[in-house]
Amino acid sequence: MFESLRKNIARHIEITDAEFGNFCGYFHPISIKKKDFLLKEGAICTFEAFVTKGCFRIFYTGESGSEQILYFAIEDWWATDIDSFMNQVPSIFNIEALEDCEVLIISKQDKDSLYDQLPIVEKLFRIMNQKTLVAFQRRLISSHGQTADKRYLEFLEKYPSLEQRITQQQIAAYLGISHEFLSKIRKKIHKR
């Protein structure tokens, strides 16, 4: 479970075995059953979660009542509501397990302590936050400037194995289109 976390960290910074051992001491493994929530709208997000097994959807319900999926957190991804976590305000998001999942959780208090214990960790999370900001910026540009066909192809590129693990309705909610329109896009693309 912690080995996948080590590989994730190694893509961003170099960390010694002793530092990694100390780092892991701040994380707690938990299991979440399919359809259970790691976070519900209105609750304050008190954690960041590293996904070691399974798939989550991070979503909110729009004014029209439709679900809008911000992203999917699969193995080797992080799941949180960064606004709620950092500012300790009620979340507008839900984090729901789409499969049985296993995660490593760190609390805000433990993360703050970890910054004091291991200064390299501040660099790690700064780099990760910058990369997340770039990804969200690209997603925003894509959702505003790309056709639905192009967004679907980008989804397949970003999440190559996910299409077989989730429903077409969930993909459509991520893309911001109806599942009927997604069906038309899929037929058109597969005819090529």
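Author: In what follows, UniProt positions are given in the numbering used here, feature names are shortened, and annotations may be inferred rather than shown by experiment. The structure itself is a predicted model.

Reader: Which residues does UniProt list for "domain: Cyclic nucleotide-binding"?

Author: The annotation comes from an unreviewed UniProt entry. In the predicted model, the span has 17% helix and 44% strand, and its end C-alpha atoms lie 28 Å apart. The residues listed by UniProt are 31–116.

Reader: How many helices and strands are there in the chain?

Author: One of the helices is α1, which comprises residues 2–10. Among the strands is β8, at residues 101–107. For the chain, the count is eight helices and eight strands.

Reader: What radius of gyration does the chain have, beside that of a compact globule?

Author: The C-alpha trace spans about 55 × 35 × 30 Å along its principal axes. For 192 residues, a compact globule would have a radius of gyration near 16 Å. The value for the chain agrees with this, at 18 Å.

Reader: What share of the contacts with a separation of 6 or more comes from residues 24 or more positions apart?

Author: A contact here requires heavy atoms within 4.5 Å. Of the contacts in the chain with a separation of 6 or more, the share from residues 24 or more positions apart is 69%.

Reader: Why are Leu5, Asn8 and Ile9 on the same side of α1?

Author: Leu5, Asn8 and Ile9 are the buried residues in question. An α-helix has 3.6 residues a turn, so residues three or four places apart point the same way. The three buried residues are on the same side of α1 because the arc they cover around the axis is only 95 degrees.

Reader: Which exposed residues does the face of α1 turned away from its buried side carry?

Author: The buried residues of α1 have cover that includes α2, β3, β6, β8 and α5. On the face turned away from that buried side, the exposed residues are Lys7 and Ala10.

Reader: Which strands stand at the edges of the open sheet?

Author: The sheet has four strands in the order β1-β8-β3-β6, with antiparallel pairing. Each edge strand has a single partner, so one side of each is left without a neighbour in the sheet. The edge strands are β1 and β6.

Reader: Which residue of β8 is the bridge partner of Phe50?

Author: Strands of a sheet pair through backbone hydrogen bonds, either parallel or antiparallel. For β3 and β8 the pairing is antiparallel and runs over six bridges. In β8, the bridge partner of Phe50 is Leu104.

Key. Residues numbered from 1 in each chain as written. Predicted model: local features only at pLDDT ≥ 70, side-chain atom pairs only at ≥ 80, totals over all residues. Heavy atoms only, no water. Buried < 20%, exposed > 50% of the residue type's maximum accessible area, 1.4 Å probe, protein only. Helix = DSSP H or I, 4+ residues; strand = E, 2+ residues; numbered from the N terminus. Arc of directions from axis to C-beta. Rg over C-alpha atoms; globule rule 2.2 N^0.38 Å. Pairing = 2+ DSSP bridges.
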